[in-house]
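Here is a friendly walk through one chain, written for someone who likes to see the cut-offs next to the claims. Please have a look at the sequence and the coordinates before reading on.

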Amino acid sequence: MNNRKELKFTVPKLKVWMKLILYLAAIMSSALSVLQVSTDCFPDAVSYVLYTVAAITLFTSVFYIGRSISYFYHEILLKGLKAHDFTARLLNDYRYRTVLFTNVSFFLNLVFVFLNLFFGIRQKSWWFITLSAYYLLLSSMRFAALHEENRNNRTKEKGGLEAEDIQVNEVRIYRNCGIIMMILTLALLESVVLILNDGNGKSYPGYLIFVVAGYTFYKIILSVINLFRVGKFKSPLLKTIRHIGYADAMMSLLSLQTAMFASFGTEQDVATPKIMNGLTGGVVCLMILAMGICMVASSSKINM
C-alpha cells in the first residue's frame with residue numbers, strides 16, 4: 001500500500017485590485033522590455049530585471065485571465081443560457097440546433113441567388129449567373145431537408161408516423177439531395193471554365209477581402225467538423241444538411257481564391273492564377289461529385 005501523499009498545487013485567489021496591479025505590471029514591464037530591446041537605454045542589470053519581471057507577470061496574467069474566462073463561461077454564460085428554455089434547448093439538442101441554423105443558411109443562400117443574378121444581368125457576367133444557379137440548387141436542397149423535418153414533426157405530433165416511416169422519408173431526401181449534388185457539379189464546372197477562359201471571379205474592395213477570407217476559413221473548418229460530428233447520429237436528414245454545408249463551403253473557397261488572385265495578382269503573371277484556379281476548381285468538382293455519388297450509393301445501404 002502506498003502511503004505517499006499526493007501534493008496538490010493550488011494557485012492563490014487574488015482580489016480584483018490585486019489582479020489589476022498584476023496586469024498593469026505585466027503591461028508596463030513588457031513595454032519597458034520592448035523599449036530596451038529597441039533602444040538599449042537601460043543598463044544590463046536593469047534589463048535583466050525587466051525581462052524577468054515581464055516573463056513572470058505575463059505568464060501569471062495569462063493564467064489568471066484564462067481562469068477568469070473559464071469562470072465567466074461556465075458559471076455565468078452557460079448558467080444564464082440554461083436558465084431559459086429556448087437557449088437551453090439550443091445548447092443541448094443537436095438536431096434542433098442544426099435545423100435552426102439551417103433555416104438561417106437557407107435564407108442566406110436565397111440572398112446570394114438574387115444578388116448574383118442581379119450582378120450577372122447588370123454586368124452581363126455568366127460567372128455571377130452561374131453562381132446564382134449554384135446557390136439556387138443549394139437552396140433547393142436545404143428547403144427539401146427543412147420541409148421534410150417540419151412535415152415529420154407535424155405528423156409525429158398527430159401520432160401518425162412511426163420511426164421506421166421517418167427513416168424512410170429521410171433516406172429519400174438523402175438520396176435525392178445526392179442526385180442534386182451531382183447536378184451541382186455541372187454548375188460548378190461551368191464556373192471553373194468561365195474562370196479559366198474569361199478570368200471571371202469575385203473581387204472585394206479594400207481590406208474587405210481579409211474579412212471574407214477569415215469567414216471562409218471559419219466556414220470550411222466548421223463544415224469539416226460538422227461532417228465528422230454528424231457521423232455518430234443515425235439520421236440521414238442531419239447528414240444531408242451537413243453535406244450541403246460542406247458543398248457551400250467549397251464554393252466559398254473557390255470564390256475566395258479567385259478574389260485573392262484578383263486583388264494581389266500581377267498583370268505579368270497570368271499563368272499562375274489560371275493554373276491554381278483550375279486545380280482548385282477541379283478538386284472541388286471531384287469532391288462534390290464524389291460526395292453526391294456516395295450519398296446515392298449509401299442511401300440503399302442504410303438500415304431502415
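Is Tyr64 buried or exposed? Tyr64 is buried, with a relative accessible area of 5%. Here, buried means under 20% relative accessible area, exposed means over 50%, and partly exposed lies in between (1.4 Å probe, protein chains only).

A word on the basis of these values. This is a predicted model, so local features need pLDDT of at least 70 and side-chain atom pairs count only at pLDDT 80 or more, while totals for chains, interfaces and linings use all residues. Residues are numbered from 1 along each chain as its sequence is written, and side-chain values use heavy atoms, with hydrogens and water left out.

**Overall layout**

The chain has 9 helices and 0 strands, where helices (H or I, at least four residues) and strands (E, at least two) are DSSP runs numbered from the N terminus. Of the 304 residues, 35% are buried. The exposed area comes to about 19,200 Å², and carbon and sulfur atoms supply 68% of it; accessible areas come from the Shrake-Rupley method with a 1.4 Å probe, and for residues only the protein chains shown count as cover. Taking contacts (heavy atoms within 4.5 Å) between residues at least 6 apart in sequence, 75% join residues at least 24 apart.

**Nonpolar cores**

A nonpolar core is a set of buried Ala, Val, Leu, Ile, Met, Phe, Trp, Tyr and Cys residues joined through side-chain atoms within 4.5 Å. The largest one has 36 residues, and those with the most contacts inside it are Tyr134, Leu138, Met181, Leu184, Leu188, Ala247 and Ile288. Two or more residues each come from helix 4 (94–123), helix 5, helix 6, helix 8 and helix 9 (271–299). Leaving aside residues up to four places away in sequence, Met181 touches Met141, His243, Ile244, Ala247, Ile288, Met291, Gly292 and Met295.

A second, separate core of 5 residues includes Ile209, Ala213, Leu256 and Ala259. Leu256 sits in helix 8 and is buried at 5% relative accessibility. Its C-alpha atom is separated by 6.6 Å from that of Ala213, although the two residues are 43 apart along the chain. Beyond residues up to four places away in sequence, Leu256 touches Ile209, Val212, Ala213, Thr216 and Phe217.

**Salt bridges**

How many salt bridges does a search of the whole structure find? The search finds 8, a salt bridge being a side-chain nitrogen of Lys or Arg within 4 Å of a carboxyl oxygen of Asp or Glu. Three of them are set out here.

| Pair | Closest N to O distance |
|---|---|
| Asp93 and Arg89 | 3.6 Å |
| Asp248 and Arg142 | 3.2 Å |
| Arg172 and Glu148 | 3.1 Å |

Asp93 is partly exposed at 27% relative accessible area, and Arg89 is partly exposed at 44%. The bridge between Asp248 and Arg142 has an N to O distance of 3.2 Å. Asp248 lies in helix 8 (residues 236–264) and Arg142 in helix 5 (residues 126–157), so this pair ties together parts that are 106 residues apart in sequence. Both partners are buried: Asp248 has a relative accessible area of 4%, and Arg142 has 6%.

Arg172 and Glu148 form a bridge at 3.1 Å, linking helix 6 (residues 163–198) to helix 5 across 24 residues. Arg172 is partly exposed at 30%, whereas Glu148 is buried at 2%. Salt bridges that share partners also join Arg95, Glu149 and Glu170 into one network.

**Aromatic rings and a surface patch**

The structure holds 9 aromatic pairs. Rings of Phe, Tyr and Trp (its six-membered ring) pair if their centres lie within 6.5 Å; planes under 30 degrees apart count as stacked, over 60 as edge-to-face and the rest as tilted. The rings of Phe63 and Tyr64 have centres 5.7 Å apart and planes at 85°, so the pair is edge-to-face. Phe63 is partly exposed at 36% relative accessibility, in contrast to buried Tyr64. Phe118 and Phe119 also pair edge-to-face, at 5.4 Å centre to centre and 70° between the planes. Phe106, Phe107 and Phe143 form one aromatic cluster.

On the surface, Tyr71, Phe72, Tyr73, Ile76 and Leu77 form a nonpolar patch with about 510 Å² of accessible area together. Patches are made of residues with over 30% relative accessible area and no salt bridge, with like charges joined within 9 Å and nonpolar side chains (Val, Leu, Ile, Met, Phe, Trp, Tyr) within 5 Å. Tyr73 lies in helix 2 (residues 44–82) and is partly exposed at 41%.
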